[in-house]
Amino acid sequence: MPQLKPCPDLSVGGHGRLPFETVALVLQGGGALGSYQAGVYQGLSAAGIEPNWIAGISIGALNAAVIAGNPPEKRIQRLEDFWQTICQPAIFMPPVEYLYSWLAGADVESRKAFSAFAAWRALVEGQRDFFVPRGLKPWLGGRQGTAESSIYDTAALKSTLERLIDFDRINHGDIRLSVGVVNVRTGHMEYFDNTRGPSHKALKVEHILASGALPPGFPAIEIDGEYYWDGGLVSNTPLNHVLEATPRRNTLSFQVDLWSLNGPLPENIYEVQERQKDIQYSSRTLSTTEFMANSQHYRRILRELLLKVPLQERSNDAWCQEAEKYACGGQYSVIQLIYKDKAWETQAKDYEFSVSTMREHWQSGLQDIQKTLANESWLQLPPAHKEFVSYDIYAADEPSRPALTRVAAGPISRD
């Protein structure tokens with residue numbers, strides 16, 4: 001895996017403990033792009049930042065479970081084991097693998113051809129210890145059963161996760177883990193969580209598989225009589241789940257996105273498909289951030305107004321008592337890390353699982369978090385007059401997606 005450059009030490013022995021009650025790592029879905037998230041986590045760990053809450057959807061849920069399901073000193077190695085495992089082709093061809101290593105440093109057009117071939121292999125062959133095609137059976141119709149109605153079989157992924165993840169540690173550890181799913185029957189978004197609800201101290205491999213069960217490729221997963229699909233069908237980011245959590249606490253969220261909302265105009269049908277994916281799977285991050293910024297601003301207003309009401313009157317007035325349930329002066333910071341496509345990547349980037357590409361994604365995540373952590377002021381509580389801020393090292397390059405901050409009064413300000 002990529003070698004670390006020196007990072008600022010943000011642990012207790014360095015710049016002091018981060019001044020937030022909750023430090024969350026929020027991991028979006030994006031298939032093969034997910035090794036970018038592993039690079040981000042490697043950089044956080046090197047800086048002494050260990051989140052106490054990890055929320056993920058799809059590949060983000062798998063990464064989250066690997067992190068939460070291992071002791072700190074083994075997490076990077078387990079992430080590496082996971083990605084090295086699932087990025088192996090189902091059918092090993094020595095001459096082809098040698099060609100892959102040569103093409104890794106080739107020109108853009110050669111890399112495009114390499115990437116397309118690797119993606120084609122994933123579709124046709126599957127990935128070793130991850131998924132394999134079911135053959136013609138899915139296309140024959142008839143009643144095949146909910147758990148078998150998919151193009152690929154993911155039984156091998158279950159074994160891989162069980163080998164790399166200690167679910168006893170997840171259920172009795174000190175990291176909160178939340179994974180987003182969709183109930184196939186109701187269509188509702190749900191979260192399985194090791195700290196509350198029916199999965200309290202009872203998360204198992206099926207909960208993680210369910211979060212990554214994107215149809216029609218992967219089958220629905222049955223849990224307690226219900227079937228679940230990938231949470232990305234409803235929302236590809238669990239950011240709102242973290243920011244809406246109660247009781248409300250000062251929160252720092254590292255939001256790791258695998259799809260960029262901004263992008264060039266497409267000039268052919270393949271670029272149209274790629275642009276469609278980017279918009280479909282990334283757009284909710286910005287809207288969620290803006291919505292939560294407004295919500296926290298109104299909670300702050302409510303709190304300030306209630307403080308102007310005499311205590312005895314607040315205690316006896318039903319409306320004041322109701323308002324106190326929503327009033328909050330907490331402060332929230334969202335640090336966004338958004339993967340930037342390589343020039344040679346195409347609409348198949350989320351299922352191009354070659355080892356060389358995986359390593360490049362990982363390196364990009366590591367570099368981006370190192371650049372981000374160089375801005376040490378971003379890791380402090382927002383100024384007293386701001387209750388919500390958002391940071392992104394690439395925001396200045398994208399004027400249509402400005403950094404967002406909240407102030408104590410008045411409309412949203414954009415820096």
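How many of the 7 residues of strand β9 are buried? The views below are taken from a predicted model.

**View 1. Strand β9 in its surroundings.** In strand β9, which spans residues 251–257, 7 of the 7 residues are buried, so the strand is largely enclosed by the rest of the structure. Burial applies to both faces, with Thr251, Ser253, Gln255 and Asp257 covered on one side and Leu252, Phe254 and Val256 covered on the other.

**View 2. The strands paired with β9.** Strand β1 (residues 22–27) runs parallel to β9 and is joined to it by 6 bridges, with Val23 having Leu252 as its bridge partner. Strand β10 (residues 332–338) also runs parallel to β9, to which 7 bridges join it, and here Val256 stands opposite Leu337.

**View 3. The largest pocket.** This pocket holds about 850 Å³ of space, and among its 36 lining residues Leu214, Gly217, Phe218, Asp350 and Tyr351 lie nearest the centre. Two or more lining residues come from each of α2 (59–68), α5 (108–125) and α10 (269–307), and α10 gives the most, with 5 residues. By residue class, the lining comprises 19 nonpolar, 13 polar and 4 charged residues.

**View 4. The second largest pocket.** The volume of the second largest pocket is about 620 Å³, and of the 27 residues that line it, Glu271, Glu274, Glu345, Thr346 and Gln347 are the closest to its centre. Helices α5 and α10 each supply at least two residues of this lining, which divides into 12 nonpolar, 5 polar and 10 charged residues.

Notes. Residues numbered from 1 in each chain as written. Predicted model: local features only at pLDDT ≥ 70, side-chain atom pairs only at ≥ 80, totals over all residues. Heavy atoms only, no water. Buried < 20%, exposed > 50% of the residue type's maximum accessible area, 1.4 Å probe, protein only. Helix = DSSP H or I, 4+ residues; strand = E, 2+ residues; numbered from the N terminus. Pairing = 2+ DSSP bridges. 1 Å grid on protein atoms, 1.4 Å probe; cavity = no way out; pocket = protein on both sides within 12 Å on 5 of 7 lines; lining within 4 Å. Points joined across faces, edges and corners; volume = space filled by probe spheres on them. Nonpolar A, V, L, I, M, F, W, Y, C, P; charged D, E, K, R; others polar.
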